[in-house]
Amino acid sequence: MSPRILLIPKGNVSVHDLKPITALGGTTAQVDVVAGVTLRENPGLALASVAARIGHEDACSAHLADLLEGAAPAAGKCRLHDPEAAFWMGPHQWMVGAPFETHEDLAAQLKARFGNTASITEQTDAWACFDLRGDRMEAVMELCCNVNIRAMQTGDATRTSIHHLGCFVLRRDPANWVRILGPRASAGSLHHALLTAMKSAL
Amino acid sequence: MIINHPLLGPRDSAEFVYMGDASLIDRPDPDTAAPEDWHAYAYLRENVAGDMQELWFHEGGDRSWLVVTRNTLTHEISSVALARDVARAKGRSK
């Protein structure tokens with residue numbers, strides 16, 4: 001196996017030649033297809049959490065509504081919007097996502113917008129993102145977690161356990177598409193669980 | 001067992017962690033409490049046979065703390081509220 005980190009001589013020092021890798025450790029996103037359902041690793045998502053500070057809940061929600069060009073997501077919902085999107089995580093807490101290419105500094109951008117109304121935390125490297133897509137996606141999700149996936153509609157978002165990992169499940173548009181955010185440190189385990197469920201259910 | 005989350009609806013109790021007697025909300029006032037008050041708060045619990053108010057943490061969900069009123073004889077849950085709202089109604093977290 002070739003080393004991923006090399007030391008490159010530069011002048012009279014050596015510097016690291018760092019190569020970005022995806023959550024699963026590859027240089028490109030992993031794609032698996034089973035019986036017409038696609039599991040795609042998505043490395044292109046920047047994330048930041050927004051938690052309203054006590055006494056600033058309304059102002060924080062207003063900032064979020066302004067950002068999303070629509071009301072801040074209510075409990076169990078997400079707002080699918082470009083470039084920034086958001087889902088509800090808890091009372092007065094949301095996760096905001098945006099394309100990594102244009103919003104690598106998403107947390108700093110949000111902090112400038114929200115000011116003292118919210119605590120913003122960088123989340124990009126905390127999560128692995130998988131897009132599960134196909135007409136029989138529901139059968140896979142039913143095997144993975146106790147979420148009532150058939151009752152979920154586009155714009156619904158919830159947290160659940162998949163393979164003992166706390167994950168967010170977002171039903172997107174079109175509705176045969178769910179986005180799964182799981183702990184990045186366990187990306188391999190989550191991917192294994194999803195792929196095993198696909199092979200079993202489909 | 002199903003817990004009717006006030007915001008998220010019915011959820012499997014496996015998503016929650018039991019955090020004990022809801023009397024933990026009634027923390028003594030640090031300015032006036034005697035050592036006996038702290039001892040009672042930290043160590044003394046009622047062993048209820050009937051409706052009991054309990055704290056449950058939605059660890060596998062939205063991370064909210066709930067006050068669940070559960071009958072310890074039948075496991076029937078009669079009410080569920082956000083612990084935050086219960087505490088604020090008692091004048092806490094001002």
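Q: Let's start small. Which residue is the bridge partner of Thr69(B) in β6(B)?

A: That would be Ser79(B). Keep in mind that this is a predicted model. The pair belongs to a longer ladder: strand β5 (residues 65-71) of chain B and β6(B) pair over 5 bridges, in the antiparallel sense.

Q: What sheet do those strands belong to, and in which order do its strands come?

A: To read a sheet, list its strands side by side. Here the order is β3-β4-β5-β6 in chain B, an open sheet of 4 strands with antiparallel pairing. At the edges you'll find β3 (17-21) and β6 (77-82) of chain B, each pairing on one side only. From one strand to the next, the twist averages 30°.

Q: How many helices and strands does chain B have?

A: Chain B has 2 helices and 6 strands. Walk along the sequence and the pattern reads β-β-β-α-β-β-β-α. The C-alpha atoms of chain B fill a box of roughly 40 × 30 × 20 Å along the principal axes.

Q: What share of chain B counts as buried?

A: Of its 94 residues, 19%. You can also ask how far apart in sequence the touching residues are. Among contacts in chain B with a separation of 6 or more, 48% come from residues 24 or more positions apart.

Q: How many residues does each chain give to the contact between A and B?

A: There's a general habit worth knowing: an interface's size is often quoted as the accessible area lost when the parts come together. Here we go by residues instead. Chain B gives 9 residues and chain A gives 10. On the chain B side, these divide into 2 nonpolar, 3 polar and 4 charged.

Q: Moving to chain A, what domains does the assignment give?

A: Domain 1 covers 31-43 + 126-201, and domain 2 covers 45-124. Notice that domain 1 is written as two stretches of sequence. The C-alpha centres of domain 1 and domain 2 of chain A lie 23 Å apart.

Q: How many residues of each domain are in contact?

A: In chain A, 12 residues of domain 1 are in contact with 9 residues of domain 2. On the domain 1 side, the elements giving two or more residues are β10 (127-133), β11 (157-162) and β12 (165-171) of chain A. That side of domain 1 divides into 6 nonpolar, 3 polar and 3 charged residues.

Q: What is the strand order in the 5-stranded open sheet of chain A?

A: Read it as β6-β7-β8-β5-β9, with antiparallel pairing. The edge strands are β6 (78-79) and β9 (118-122) of chain A, each paired on one side only. Helix α1 (residues 57-68) of chain A packs on this sheet, touching β5 (45-52), β6, β7, β8 (93-99) and β9, and its direction makes about 155° with that of β5(A).

Q: How do I follow the pairing from strand to strand, and what is the bridge partner of Cys78(A) in β7(A)?

A: Look for residues facing each other across two strands. Cys78(A) has Phe87(A) as its partner, and β6(A) is joined to strand β7 (residues 85-90) of chain A by 2 bridges. Then take β5(A): 7 bridges join it to β8(A), with Ala46(A) opposite Ala98(A). Another 5 bridges join β5(A) to β9(A), where Ser49(A) stands opposite Thr121(A).

Q: Is β5(A) mostly covered or mostly open?

A: Mostly covered: 7 of its 8 residues are buried.

Q: Which residues of helix α3 in chain A are buried?

A: First, the general idea: an α-helix has 3.6 residues a turn, so residues three or four places apart point the same way. In helix α3 (residues 106-114) of chain A, the buried ones are Leu106(A), Ala107(A), Leu110(A) and Phe114(A). Seen down the axis of α3(A), they fall within an arc of 95°, so they line one face of the helix. Their cover includes β5, α1, β8, α2 (100-103) and β9 of chain A.

Q: Why does Gln109(A) count as partly exposed?

A: Gln109(A) is in helix α3 of chain A too. It is partly exposed because 19 other C-beta atoms lie within 10 Å, and a residue needs 20 or more to count as buried. Gln109(A) and Ala48(A) are 61 residues apart in sequence, yet 9.9 Å apart in space, C-alpha to C-alpha.

Q: What follows α3(A)?

A: Gly115(A), with a positive phi near 55°.

Key: Residues numbered from 1 in each chain as written. Chains lettered and ligands numbered in written order. Predicted model: local features only at pLDDT ≥ 70, side-chain atom pairs only at ≥ 80, totals over all residues. Contact = placed C-beta atoms within 7 Å. Nonpolar A, V, L, I, M, F, W, Y, C, P; charged D, E, K, R; others polar. Pairing = 2+ DSSP bridges. Axes fitted to C-alpha atoms, helices over the stretch in contact; angles between N-to-C directions. Domains from an automatic or database assignment. Buried ≥ 20, exposed ≤ 12 C-beta atoms within 10 Å, placed from the backbone. Arc of directions from axis to C-beta.
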